[in-house]
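Good morning, and thank you for coming. I would like to take you through one structure, beginning with the place where two chains meet. Please look at the display before I go on.

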Amino acid sequence: MKELDLYKNLIKRYLFYLLIFSCVFGLMNLIFNHSPLFSLLHSISYYLYGYTVALVTLNYYLFNLSISSGISRNGLYRVKLYSLSTITFFINIFIFSINLFSYILNNKQTDSIYMNLYFGFFNNNIINFISMFIIGFITIFFIMILFNTLGTFLSLFNVLGKIITFFVIYAMIHIGLISFSIYYFVFGFKNINLQPTFDLITGLNTSTAGGGNTGNPISIAITLILFTCLLLFINYKLTKKFQIRK
Amino acid sequence: MDKLEIKNLNRNFKFGKQKVLKNINVSFLSNKIYGLFGENGAGKSTLMSIIADYNFPTSGEVLLDGENVHDNDNALSKIYYMNQNNMYPKNEKVAKTFKFVQSMYEGYDVNLQNKLVKEFQLNTKSRFNKLSTGYKSIMKIIIALCVPCEFIMLDEPTLGLDARNRDIFYRELIESYTDHPRTFVISTHIIEEIDKLVSDVVMINNGKIILNDSADNIRSKAYSINGPADLVDEYVHGLDIIGKESLGQYETGHIMGRLPEKEIPSGVEVNKMELQKLIVNLMDRSEGD
């Protein structure tokens with residue numbers, strides 16, 4: 001019961017913050033930039049997405065609330081999953097609705113990544129939209145879990161530990177990208193061809209000529225689900241760890 | 001009958017170099033008020049945080065009615081730990097935090113909360129981080145007294161409280177305990193103010209339990225003997241002397257245990273020792289060991 005109460009409390013908070021953020025950001029854009037409606041809605045959706053990601057990274061706050069209410073770490077993990085799923089659902093509904101209205105009312109002009117890469121894989125438009133909604137949910141949930149896991153990991157350290165860990169992660173990503181680029185552009189992938197692997201995990205068939213929007217959304221869905229499962233496991237293990245007193 | 005048992009508990013910090021708790025074995029029985037005493041850094045807060053599963057033991061276990069409390073929702077819902085850190089949103093108004101805790105605990109005593117808010121004159125419209133240290137403690141005290149938990153641990157509850165508010169706290173604690181008996185474990189340095197409240201005393205020094213007995217039992221066997229130094233020395237010879245104080249030719253010897261059968265020399269006075277004095281002497285003796 002406590003888990004449900006904490007979940008309700010958390011969702012109310014998140015939605016309240018998100019509503020305030022959207023209103024303030026939307027109004028500011030409208031007043032200062034005089035943005036057209038669809039452009040405004042698109043920018044709100046992106047910033048809302050970013051703001052939510054930042055919000056779900058704050059793990060220690062949730063840990064404090066749960067442990068002081070006598071909720072175990074297993075319970076905390078369940079609360080995190082329920083709330084992340086719910087937030088994902090609301091964000092996805094918002095983004096999906098904007099894309100749908102954009103598609104219908106704005107002559108199919110939309111900057112949705114799905115629309116540009118995967119829309120049209122199925123012959124029926126309704127199925128395409130259903131697929132877009134599902135893939136949207138899976139993608140947003142993956143990003144939420146990714147950042148929540150990062151936040152959970154960082155909450156195990158004190159301020160100095162957090163800064164060091166953050167820079168180590170940042171450096172590792174950049175070193176990885178630089179190494180990959182050097183290998184790719186300088187040595188030219190003579191021995192290893194990563195293209196089929198890339199095609200398999202993204203569902204995009206870049207080797208064939210075409211408009212580029214015939215990617216298979218099922219492949220990317222499977223890839224994201226597998227990564228999400230891995231992150232869920234890591235998140236569970238990190239949630240069970242001792243949280244350092246701040 | 002609920003019983004909180006701590007078995008063979010050890011807690012090390014700094015990769016095992018610093019041993020904060022060393023083989024702790026203690027039980028907290030239901031419907032009692034325990035005083036948990038010890039110097040700063042003795043391990044009291046660490047012990048409490050392990051009981052409430054905030055912190056993990058290096059080895060050993062905490063059992064509530066035979067069940068390990070670690071990751072146990074049922075057991076943890078019976079334990080409330082009021083600690084020195086702020087666990088609630090610091091930018092939130094006190095009233096909102098009360099509402100949150102109320103939503104989390106079925107059976108939370110709202111009437112008592114309202115009564116305490118009036119008595120302590122707590123402004124519930126203030127945000128937590130705008131409150132003074134004393135009022136922060138008051139907010140936490142109110143929550144701790146109103147939650148329907150069977151084991152309530154209060155870590156330095158009177159931190160920053162003035163004499164008037166400390167008095168209200170002690171009075172309300174007794175009243176609340178009389179209305180709904182449950183176990184309180186109170187850790188404080190102001191021993192003289194709660195020595196009449198506690199039914200049992202647990203004392204930690206250097207991570208070890210050096211005293212664990214009922215307050216009455218302790219009081220019945222702790223004496224201060226004062227008088228001329230030579231007479232006091234002769235009288236306490238062979239007894240368990242836990243401390244000595246000298247002032248010129250006069251001396252006070254603090255002993256634990258039964259008084260000798262022999263007659264008290266004239267000029268020598270025997271008094272029951274105050275709990276605070278006993279604790280200080282035990283700490284000093286422990287330091288000397």
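How much area is buried between chain A and chain B, and what share of that area do carbon and sulfur atoms give? I should say at once that what you see is a predicted model. In this model the two chains bury about 2,100 Å² between them, and carbon and sulfur atoms give 52% of that area. On the side of chain A, Lys2(A), Ser68(A) and Phe242(A) supply 26% of the area that chain A buries against chain B, more than any other three residues. Counted by residues, 24 from chain A are in contact with 22 from chain B.

Let us turn to the polar and charged pairs. The rule finds four salt bridges across the interface of chain A and chain B. Arg73(A) forms a salt bridge with Asp53(B), and the closest N and O atoms of this pair are 3.7 Å apart. Nine residue pairs are found in polar contact across the interface, both residues being at pLDDT 80 or more. The side of chain A that touches chain B draws at least two residues from each of α1, α3 (59-68) and α4 (73-105) of chain A. By kind, the residues of that side divide into seven nonpolar, eight polar and nine charged.

Next, one pair of helices. α1(A) packs against helix α3 of chain B, residues 94-104, at an angle of about 145°, and their axes are 8 Å apart. From α1(A), the residues Lys2(A), Asp5(A), Leu6(A), Asn9(A) and Arg13(A) meet Phe100(B), Ser103(B) and Met104(B) in α3(B). The residues of this contact comprise three nonpolar, two polar and three charged.

I would now like to consider a single residue in α1(A). Glu3(A) belongs to this helix, which covers residues 2-33 of chain A. Is Glu3(A) buried or exposed? Its relative accessible area is 16%, and Glu3(A) is therefore buried, the cut-off being under 20%. The side chains of Glu3(A) and Arg78(A) are joined by a polar contact of 2.8 Å. Beyond its neighbours within four places in sequence, Glu3(A) is in contact with residues including Ile71(A), Val79(A) and, from the other chain, Asp73(B).

Finally, a glutamate in chain B. Glu5(B) sits in strand β1, residues 3-13 of that chain. With a relative accessibility of 18%, Glu5(B) also counts as buried. Leaving out residues up to four places away in sequence, Glu5(B) touches Val26(B), Ser27(B), Glu61(B), Val62(B) and Leu63(B).

Key
Residues are numbered from 1 along each chain as its sequence is written. Chains are lettered from A and ligands numbered from 1 in the order in which they are written. This is a predicted model: local features need pLDDT of at least 70, side-chain atom pairs count only at pLDDT 80 or more; totals for chains, interfaces and linings use all residues. Side-chain values use heavy atoms; hydrogens and water are left out. Helices (H or I, at least four residues) and strands (E, at least two) are DSSP runs, numbered from the N terminus. Buried means under 20% relative accessible area, exposed over 50%, partly exposed in between (1.4 Å probe, protein chains only). A polar contact is a pair of N or O atoms within 3.5 Å; within protein, one must be able to donate a hydrogen and the other to accept it, and residues adjacent in sequence count only if both atoms are side-chain atoms. Contact means heavy atoms within 4.5 Å. Axes are lines fitted to C-alpha atoms, for helices over the stretch in contact, and angles run from 0 to 180 degrees between N-to-C directions. Ala, Val, Leu, Ile, Met, Phe, Trp, Tyr, Cys and Pro count as nonpolar, Asp, Glu, Lys and Arg as charged, and the others, Gly among them, as polar. Buried area is the accessible area (1.4 Å probe) that two parts lose on being put together, summed over both. A salt bridge is a side-chain nitrogen of Lys or Arg within 4 Å of a carboxyl oxygen of Asp or Glu.
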